[in-house]
2 protein chains.
Amino acid sequence: MQLYSYFRSSAAYRVRIALNLKGLSYEYLGVHLLKNGGEHLSDSYRDLNPSALVPTLVDGDVSIGQSMAIIEYLDETHPQPALLPADPAGRARVRSIAQIISCDTHPLNNLRVLKYLKHELQASDDARNAWYRHWVTLGMGAVESMLAGSSATGKFCHGDTPSLADLCLVPQVFNARRLDCDLSAMPTVVRIDAACREIQAFDLAVPEKQPDAE
Amino acid sequence: MQLYSYFRSSAAYRVRIALNLKGLSYEYLGVHLLKNGGEHLSDSYRDLNPSALVPTLVDGDVSIGQSMAIIEYLDETHPQPALLPADPAGRARVRSIAQIISCDTHPLNNLRVLKYLKHELQASDDARNAWYRHWVTLGMGAVESMLAGSSATGKFCHGDTPSLADLCLVPQVFNARRLDCDLSAMPTVVRIDAACREIQAFDLAVPEKQPDAE
């Protein structure tokens, strides 16, 4: 398998954790979002991923350009260890936590959005940082409520083994810290992030340990 | 089952189509996003859905507050007709198309985001409309490339039966038309939208036929 990735991409980070947890080796292909006018915007990368976003996973003749679809695919083709619980209600809970991050939080703070705010809307650095923190606070606050308010929460987001929800939580917390977001009202999120980061599969996926890290 | 919905919510619209396709009856509970200071922001609704977004599906003691998690749950608990193909590669393709819409397009144009642009960033009506059209053009352009470039595309996004991808496509096209987005470069999207709308399950889910429609 090949993973088109950018070390700092939160969506690619999720997939790197999944591949590591499954024990799957892969070729790391860096796609630099800032150099060469944005390597993800090249015609050759667009042929692979029409959204011009990272990551893309290539597995033989299968090419998948959305991180959540990639992780579900890996879970279906390499079931152990499972990244979703067996029961539909549990699966729905894990997917909901993951989607609060992957749908409602991360896309608002993606590089292309921050660029649009700067160039098209002339938003200042302060205004863009406030935007970033606003959506992190809302999204991760909702995740905290779901986690703190449920007996299904264990050492990790759902019970005592890592799931798709944790794969989304850790990269989002990483981003939140990089932008100095206040996580003091989110003790469950912070506790689970720390528990995850003790696992080698999570540790090896951190941005600073990737081949294209700066 | 109960569905907390707002007639114009694109995410709720997806779930209404799924419920109709599965032949599941449900109680429609309107949550007005504009009246009473936003009914989704009330404490009682937040208790149900910490993200304070619609829709929420309640099925006995299971409550799910993310549209994509709801649809996967319905597909797991009521498998016929299937909304995802049987093979992992096909499932990944359908989920990818759905996620281009549900992660990369729709969340950027949600009501709360447009409000932030207006109130916090003082973006004009024109600037907000340009923002809206920008993300629709990018997202639906990527969907068009995926559809037009693949032999897996049939009468619908994946083969000749509606899938999760079509459930996301139709509400997004509805929104795009409401905001006068130019869809002329997206003939496959437009063709599939028309094919879907001939199906009663899609037709009964349109915003104007909901109990809370204005």
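Okay, one definition before we start: a residue is buried under 20% relative accessible area, exposed over 50%, and partly exposed in between, using a 1.4 Å probe and protein chains only. Take A:Glu76: at 26% relative accessibility, that one counts as partly exposed.

Now the ground rules. This is a predicted model, where local features need pLDDT of at least 70, side-chain atom pairs count only at pLDDT 80 or more, and totals for chains, interfaces and linings use all residues. Residues are numbered from 1 along each chain as its sequence is written, chains are lettered from A in the order in which they are written, and side-chain values use heavy atoms, with hydrogens and water left out.

Let's start with how the two chains sit together. Chain A can be laid on chain B by a turn of 180° and a shift of 0.0 Å along the axis, with an RMSD of 0.0 Å. The two copies are thus related as by a two-fold rotation axis. The fit there is by least squares, on the C-alpha atoms of residues with pLDDT of at least 70 in both copies. If you want to find the axis on your screen, go to A:Cys103: of the residues of chain A, its C-alpha comes closest, at 2.1 Å.

So what does the interface look like? Each side puts in residues: 41 from chain A and 41 from chain B, with contact meaning heavy atoms within 4.5 Å. The copies meet through the same surface, because 100% of the interface residues of chain A are also interface residues in chain B.

The area buried between chain A and chain B is about 3,500 Å², and carbon and sulfur atoms give 67% of that. Buried area here is the accessible area, with a 1.4 Å probe, that two parts lose on being put together, summed over both. On the chain A side, the residues that lose the most area to chain B are A:Gln66, A:Arg112 and A:Tyr116, together 16% of what that side buries.

There's polar stuff in there too. Between chain A and chain B, 12 residue pairs are in polar contact, both at pLDDT 80 or more. That takes a pair of N or O atoms within 3.5 Å; within protein, one must be able to donate a hydrogen and the other to accept it, and residues adjacent in sequence count only if both atoms are side-chain atoms.

Which elements of chain A give two or more residues to the side that touches chain B? They are strand S4 (62-64), helix H3 (67-77), helix H4 (88-102), helix H5 (111-119) and helix H6 (125-148). Those are DSSP runs numbered from the N terminus, helices being H or I with at least four residues and strands E with at least two.

On to the charges. By our rule, a salt bridge is a side-chain nitrogen of Lys or Arg within 4 Å of a carboxyl oxygen of Asp or Glu. The count is 20 over all chains, and across the interface of chain A and chain B the rule finds 6.

Back to A:Glu76, whose side chain meets that of B:Arg91 in a salt bridge, 2.8 Å from N to O. Then there's B:Arg95 with B:Glu72, where the closest N and O atoms are 2.7 Å apart. That pair links distant parts of the chain, helix H4 and helix H3 of chain B, 23 residues apart. Buried or exposed, B:Arg95? B:Arg95 is buried, with a relative accessible area of 2%, and B:Glu72 counts as buried at 8%.

Put these together and you get a network of salt bridges linking A:Glu72, A:Glu76, A:Arg91, A:Arg95, B:Glu72, B:Glu76, B:Arg91 and B:Arg95.

One more bridge: the side chains of A:Asp75 and A:Lys22 meet at 2.5 Å, N to O. A:Asp75 is in helix H3 and A:Lys22 in the loop between helix H1 (10-21) and strand S2 (27-30) of chain A, 53 residues apart. Both are buried.

Helix H3 keeps coming up, so look at the chain B copy. It is largely enclosed by the rest of the structure, because 9 of its 11 residues are buried. Those buried residues pack against H4 of chain A, as well as several chain B elements, including helix H1 (10-21) and helix H7 (164-178).

Last stop is A:Gln172, in helix H7 of chain A. A:Gln172 is buried, with a relative accessible area of 1%. Leaving aside neighbours within four places in sequence, its contacts include A:Ser10, A:His106 and A:Met140.
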